[in-house]
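Student: I would like a close look at a single part of this model, taken slowly and with the cut-offs stated.

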Amino acid sequence: MRHHFTFPCEGAKLVGTIDEAPGTSGLLIVTGGSEIRAGAWSGQAMLATRLSAAGHPVFRFDRRGIGDSEGVNTGFRGATPDITAAIRAFRQAAPQITRVVAFGNCDAAAALMLMSGEGVDELVLANPWTIQENEEGISTDSVRAHYRQRLRDPAAMRRLVTGRVNLGSLLRSAILALRSRPPATLATELKSGLARFPGQATILLAGRDRTAHTFLVRWDKADPRLHHCPGASHSFVEPEARDWLAERLVEALRR
């Protein structure tokens, strides 16, 4: 059963959706950017249907100033009150749950890391956002990662040798990649925030996503919490990527 209801957050009325299930481990989905609680291509709504059918209640919500919710959008840096209110509402709506697993993609993952996952038992973080305001480094970092991947691809090298690659564009990208990288202080904040989280965390990276590439440049590549889905785009829209994401979330919910 799917129900919609409202709950308060610092004087604003937020709208949430719960997919009911009898399980004692529930999933809280935090949306990124200005995305509504259904998610891109309704992916989060579809994910909620799938996981609730597997026995786990799932809670989604619109942050302040997004979708059906009142208030002013404070961005991911100001999302802690929204997430805290949603955790409280989730526990009230599904009183049988003893564990809350929080899942966020992009800057929703960053928001959960900045608040050190307070109020939840486990974190699943996808493609965390590490780009600061007015920072141009996203192009540099993603270009570096992109060309490292291309150099390992025999088909890409054949296109270069046979002249099917625009050398002017390639040269401009190479110059960009050689520029000095600006300090990644947001990534440092995320590391500090996650270090304070006492529970288990899993970091999911989509192989074809530049946000994930940029994150990986700024993170310890040997971190055992990292899990890679090679063919996935940012929102895991591909059928195989959808399955992979659902499997990782079920693993977290069943721990």
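Student: Which residue follows H1, and what is the sign of its phi?

Tutor: The residue that follows H1 is Gly55, and its phi is positive, near 105°. The model is a predicted one, in which local features need pLDDT of at least 70 and side-chain atom pairs count only at pLDDT 80 or more, while totals for chains, interfaces and linings use all residues. Residues are numbered from 1 along each chain as its sequence is written, and side-chain values use heavy atoms, with hydrogens and water left out.

Helix H1 itself spans residues 43-53, and its buried residues are Gly43, Gln44, Ala45, Leu47, Ala48, Leu51 and Ser52; buried here means under 20% relative accessible area with a 1.4 Å probe, protein chains only. Helices are DSSP runs of H or I with at least four residues, strands are runs of E with at least two, and both are numbered from the N terminus.

These buried residues of H1 pack against five strands, S1 (2-9), S2 (12-19), S3 (25-30), S4 (58-61) and S5 (99-105), and also against helix H9 (239-253), where contact means heavy atoms within 4.5 Å. The partners of H1 thus include both strands and a helix, within a chain that has nine helices and eight strands.

For the chain as a whole, buried residues make up 51% of the 255 residues. Of the contacts in the chain with a separation of 6 or more, 66% are accounted for by residues 24 or more positions apart.

Technical notes. Buried means under 20% relative accessible area, exposed over 50%, partly exposed in between (1.4 Å probe, protein chains only).
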